[in-house]
Amino acid sequence: MDEAVSAMRRFNRFYTRFLGLLRDTLADSPVTLSEWRFLFEINETPGLTATNLMDRLLLDRGYVSRTLARLQRRGLVDRRESDTDRREKTLWLTSKGCTVMSEVDVSIDQQMIDALGRLDPSGKVRLLQAMNDIELLLSS
């Protein structure tokens, strides 16, 4: 088991470094990885609540609250009164938030295109199958 744990941790360090996830911002953008993930979730489900976000990302209330406040101060996220429950606020990307989201997506897509471009066709197939296998095995 020790070898398996070491191998998983080594892969995690490699992949974190490969994606540049420890940099101050994601893909040379104005947002961090966690901020981008918040924008992604809000973009995927406009009008979700902070509680929904907590549940989706398995984060505590304080962290979600601080991150949302930072995104709102920077003009990327807007909180609006819920149509169904006046006590709750729904989350929406502002036009600036949509622009940042789009720019980061383009940059990340290019990073993936560059990485895949270094592989021959059989390498691409092997990589994508291995990624699929990891996802299936760890989500069961």
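A27 is buried, with a relative accessible area of 15%. In this predicted model, A27 sits in the loop between α1 and α2. Its phi is near 50°, a positive value in a residue other than glycine. D28 lies in the loop between α1 and α2 as well. The phi of D28 is near 55°, again positive in a residue other than glycine. The two residues part ways in accessibility. A27 falls under the 20% limit for burial at 15%. D28 counts as exposed because its relative accessibility, 72%, is over 50%.

The interior was examined next. The largest nonpolar core holds 22 residues. Within this core, L39, L53 and V77 touch the most other members. Elements giving two or more residues to the core are α2 (33-44), α3 (50-57), α4 (61-73), β2 (89-93) and α5 (95-117). In soluble globular proteins, nonpolar side chains tend to be buried together. The surroundings of L39 were listed with its neighbours within four places in sequence left aside. On that basis, L39 is in contact with V31, L71, L76, V77, L93, V100 and M101. V77, one of these partners, is also among the three core residues that touch the most other members.

Helix α5 contributes to the core and was checked for its length. The helix has 23 residues, and at 1.5 Å a residue it should span 33 Å. Its end C-alpha atoms are 33 Å apart, so the expected span and the model agree. The buried residues in α5 are G97, V100, M101, V104, I108 and A115. An α-helix has 3.6 residues a turn, so residues three or four places apart point the same way. The buried residues of α5 pack against α1, α2 and β2. Two of them, V100 and M101, are contacts of L39.

Nonpolar side chains also appear at the surface. M8, F11, F14, F18, I134, L137 and L138 make a nonpolar surface patch of about 690 Å². Both α1 (2-19) and α6 (121-139) supply at least two residues of the patch. The largest share, four residues, comes from α1. M8 belongs to the patch and lies in helix α1. With 46% relative accessibility, M8 counts as partly exposed, because this value lies between the 20% and 50% limits. Helix α1 thus has two roles in this description: α1 gives residues to the surface patch, and the buried residues of α5 pack against α1.

Note on methods
Residues numbered from 1 in each chain as written. Predicted model: local features only at pLDDT ≥ 70, side-chain atom pairs only at ≥ 80, totals over all residues. Heavy atoms only, no water. Core = buried A, V, L, I, M, F, W, Y, C linked by side-chain atoms within 4.5 Å. Buried < 20%, exposed > 50% of the residue type's maximum accessible area, 1.4 Å probe, protein only. Contact = heavy atoms within 4.5 Å. Patch = residues over 30% accessible without salt bridge, like charges linked within 9 Å, V, L, I, M, F, W, Y side chains within 5 Å. Areas by Shrake-Rupley, 256 points an atom, 1.4 Å probe, with all protein chains shown as cover. Salt bridge = Lys/Arg side-chain N within 4 Å of Asp/Glu carboxyl O. Expected span 1.5 Å × (residues − 1).
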